[in-house]
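Hi everyone, thanks for coming. I have one structure to walk you through today, so let me put it on the screen.

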Amino acid sequence: MDKPNAIISVKNLVKKYDDFTAVQGISFDVYQNEIFGLLGPNGAGKTTTLEIIETLREKTSGEIIVDGHSVDKDASKIKRIIGVQLQAAGYYPNLNLVELMELFSGLYGVDIKPMEMLEKVNLQDKAKAKYKALSGGQKQRFSIATTLINSPKIIFLDEPTTGLDPQARRNLWDLIIDIRNNGTTVVLTTHYMDEAEQLCDRVAFVERGEIIALDTPDNLIDQLINSGFERKKEVKKANLEDVFINLTGKEWREDN
Amino acid sequence: MSKPYNNTKATLALAKASFRSIMRSPSAVVFTLAFPLVFILVFGFLGGGGVKVDLAIAPGSDLQNPIIKALEEISVVHIIKDKDAADIKTGLEKGHIDALIDVQKNPSGKPAYLADIKYTSASIDKGNILKSVVHNLMYTLNTKDVMPTVAQLNESTVQGRIYRTIDFILPGQLGFSLLSTGVFGTAFVFFSLRQTLVIKRFFATPVRKSSIVFGEGIARIGFALLGAVFIILLGHFFFHFTLINGAVTVLNMLLLSIIGLIVFMGFGFVVSGIAKSESTIPPISNIITLPQFLLSGTFFSIDAFPSWLQPISRALPLTYLNDAMRKVAFEGAGLWDVKHQILIMVIWGIGIYAVAVKVFKWE
């Protein structure tokens, strides 16, 4: 197998706050054009790690290279080649989606057609709506659209599907896979293991600021089974979510 | 990606976004336009009349006589007819009516009329004005056909510029509008952008912090100048606000507005930095704006304040903005003539931005 090309390389990353160490010396690589998942409980240090790579937060020590640029020296170059979706970020008040797109194109210094960007995330009908008036799924799709403005090499999605209904989640998965298929590397965090299993090429489990496992979802599951693990209950060929989707339909719904 | 990043473009994109946002924000429009306009309208319609003495005519008084006729022609005197005795009595007691006159034909012939005037202790000032008006009138009436024996008095008035209430009120309101836009607007915007993580999202783009500050500043100045032009033109065309040198005066006023606004925005940055929550912004902002509203000669000349208060008034930046505005608008002073006022505003600006740099928070 070819040695994959690492686009992000994190070595011995440490982040200390006053009296507490959020990230204690983690190392990992993200390969070009994969979907990489950071999994773990709240407060494990996922978001902190992400924000340090995004150059939004200072690290205490360690080395991070993003597409050949060091976060210490070339933060502004890194910002130009990444797209960032923050957990719970807001957008400029009183502006509609097209106007927000224009603002971000100015901030990134690129010329884009706002409507084309909105079409990419299927929000063209909401062009004149305010961000606040969007549903949860629409908000997330809009956030993802803003990350694509500068045609980034890597996008970071922090819990993109939290709080969405099953249809909206599946929509978003399709969107994320599309983005990856267009050549963009995707790094995301999530609490949903089914999502990670469906979406991610590789996942890292983060616990108390350390990586405790890192592999493809398949390998990790196989390892567990080989260690003699058995589910208490025989798994059926469908689960309740399949029932939900089957009953309520899979297509895009106006309100998600 | 090889194209160099354009900071100006980012700044302008922010300015445009912010301007759009401000134009759609009801509170900004209310503070910058509606609030000052209400005061200008009120004072515009009140003003110009000067002092009025309300003089009631007693029921049963003779009306066809030279005294009443002459009084009716005096602009200071406002004649009230058709009130019954009871109304007049309570009016006098409360000071709504300043005096009562009763003129009767003299049955004994000479002098032809007898005029009784009753003043009220509820309105001594206006009573005194009326007293001198009436004395003057009586003298003129009684000496109509008599040659003066000692000296003849010739009076005339120099034709000067009319200083209307609006000439005082409008610059004060303009200054206050700039103060509230600068302080409240800036404080709320930066606080809420920080709180809703809008700024954090901006930081994930290559934009510089200075672009964010300048973009916001440009938008706010643009908006405030629109407001200023609107206020000045409305005052000029509807209430005869004096603009000595026409467009040049307007331009000078706008330049002063920019200087004032930049200083006031400094206060806004400080407030957004020290406010712990959205609800603490209004009280902190009011601590800054209200004293200036009251003490900086917005409504009354600060010369009218007690002497212990005047040094405080003379320490506030709005005092100097108001002062400079009035000099420019009414006296036709150039910016160089008000350099003293500008200098004091600049000193305030340096001081407040030094504090702002210390307390302002991005996250």
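Let's begin at A:F205, whose bridge partner in β10(A) is A:A213. This is a predicted model, by the way, so please hear everything I say in that light. The two strands involved here are β9 of chain A, residues 202-207, and β10(A); they run antiparallel and are joined by five bridges.

Now zoom out to the sheet they belong to. It is an open sheet of six strands in chain A, with mixed pairing, and the order reads β6-β7-β8-β3-β9-β10. At the edges you find β6 (82-85) and β10 (210-215) of chain A, each pairing on one side only. From one strand to the next, the twist averages 15°. And there is a helix packed on this sheet: α1 of chain A, residues 46-53, which touches β3 (35-39), β7 (154-158), β8 (185-190) and β9 of chain A. If you compare directions, that helix makes about 155° with β8(A).

Next, let's look at where the chains meet. Chain B puts 25 residues into the contact and chain A puts in 24. On the chain B side, α1 (7-23) and α7 (198-203) each supply at least two residues. Which helix gives the largest share of that side? That would be α1(B), with eight residues. Sorted by class, the chain B side has 14 nonpolar, six polar and five charged residues.

That brings me to the nonpolar cores. The largest one has 133 residues, and the members that touch the most others are A:L103 and B:A187. Helix α6 of chain B, residues 165-195, provides the largest share of this core, 16 residues. As for A:L103, leaving aside residues up to four places away in sequence, its contacts are A:Y92 and A:L95 in chain A, plus B:A13, B:L14 and B:A17 in chain B. Apart from this big core lies another, of 14 residues, including B:V53, B:A99, B:L100 and B:V134.

One last stop, at B:K144, in the loop between α5 (124-142) and α6 of chain B. Buried or exposed, what would you say for B:K144? It is exposed, because just 8 other C-beta atoms lie within 10 Å, and a residue counts as exposed at 12 or fewer. Finally, B:K144 and B:I88 are 56 residues apart along the chain, and their C-alpha atoms are separated by 32 Å.

That's my tour, and I'm happy to take questions.

Technical notes:
Residues numbered from 1 in each chain as written. Chains lettered and ligands numbered in written order. Predicted model: local features only at pLDDT ≥ 70, side-chain atom pairs only at ≥ 80, totals over all residues. Contact = placed C-beta atoms within 7 Å. Helix = DSSP H or I, 4+ residues; strand = E, 2+ residues; numbered from the N terminus. Nonpolar A, V, L, I, M, F, W, Y, C, P; charged D, E, K, R; others polar. Core = buried A, V, L, I, M, F, W, Y, C linked by C-beta atoms within 7 Å. Buried ≥ 20, exposed ≤ 12 C-beta atoms within 10 Å, placed from the backbone. Pairing = 2+ DSSP bridges. Axes fitted to C-alpha atoms, helices over the stretch in contact; angles between N-to-C directions.
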